[in-house]
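The following note sets out several points for consideration by a colleague working with the coordinates. Each point is confined to one region or one kind of contact.

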Amino acid sequence: MGPLIALLVLCPPAVTLGYVSFCLASPWGTCKRCRPGGKNRTCRACNGTGMRPRIGWQLYVYARRLHRDGTR
């Protein structure tokens with residue numbers, strides 16, 4: 001029972017830290033809406049570039065902007 005509890009305690013922070021480092025290393029991902037065909041000029045999600053920011057990066061930018069605006 002002890003190793004199972006240790007695994008449940010250590011796994012979520014490791015996964016979170018891995019995702020954060022992945023978002024910092026590569027903040028842009030492929031667009032889900034126009035992925036099969038590549039670039040779609042009429043895609044509103046990515047403005048036709050085929051790339052859009054990851055969710056983790058969007059949350060980081062939101063938190064950074066919220067902190068910046070709150071400390072002015």
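Where does C46 lie with respect to strand 1 and strand 2? The points below begin with that residue and then turn to the helices, the surface and the charged side chains. The model under review is predicted.

1. C46 is placed in the loop that runs between strand 1 (28–30) and strand 2 (51–53). Its relative accessibility is 4%, and C46 therefore counts as buried, the cut-off being under 20%. Leaving aside residues up to four places away in sequence, C46 touches C31, C34, M51 and R52. A further distance concerns G29: the C-alpha atoms of C46 and G29 are 10 Å apart in space, with a sequence separation of 17 residues.

2. K32 is also found in the loop between strand 1 and strand 2. Whereas C46 is buried, K32 is exposed, with a relative accessible area of 59%. From K32 to T71, the C-alpha separation is 35 Å, and the two residues are 39 apart along the chain.

3. The arrangement of the two helices deserves a separate remark. The axis of helix 1 and that of helix 2 (residues 55–70) come within 9 Å, with a crossing angle of roughly 85°. Angles of 65 to 115 degrees count as roughly perpendicular, and helix 1 and helix 2 are therefore described in that way. On the side of helix 1, the residues in contact are Y19, C23 and L24; these meet I55, G56 and W57 in helix 2.

4. I55, one of the residues of helix 2 that meet helix 1, is nevertheless exposed, at 55% relative accessibility. Within the numbering of the chain, I55 and H67 are 12 residues apart, and their C-alpha atoms are separated by 18 Å.

5. A nonpolar patch on the surface is formed by M1, L4, I5, L7, L8, V9 and L10. Together these residues present about 790 Å² of accessible area. L7 may serve as an example: this residue is in helix 1 (residues 2–25), and its relative accessible area of 54% makes L7 exposed.

6. How many salt bridges does the structure hold? The count is 1. In general, side chains of opposite charge can pair when their charged atoms come close. Here the side chains of D69 and R68 meet, with an N to O distance of 3.5 Å. This distance satisfies the cut-off of within 4 Å, and the pair therefore qualifies as a salt bridge. Both partners count as partly exposed: D69 has a relative accessibility of 44%, and R68 has one of 41%.

Technical notes. Residues numbered from 1 in each chain as written. Predicted model: local features only at pLDDT ≥ 70, side-chain atom pairs only at ≥ 80, totals over all residues. Heavy atoms only, no water. Patch = residues over 30% accessible without salt bridge, like charges linked within 9 Å, V, L, I, M, F, W, Y side chains within 5 Å. Areas by Shrake-Rupley, 256 points an atom, 1.4 Å probe, with all protein chains shown as cover. Helix = DSSP H or I, 4+ residues; strand = E, 2+ residues; numbered from the N terminus. Buried < 20%, exposed > 50% of the residue type's maximum accessible area, 1.4 Å probe, protein only. Axes fitted to C-alpha atoms, helices over the stretch in contact; angles between N-to-C directions. Parallel < 35°, antiparallel > 145°, perpendicular 65-115°, else oblique. Contact = heavy atoms within 4.5 Å.
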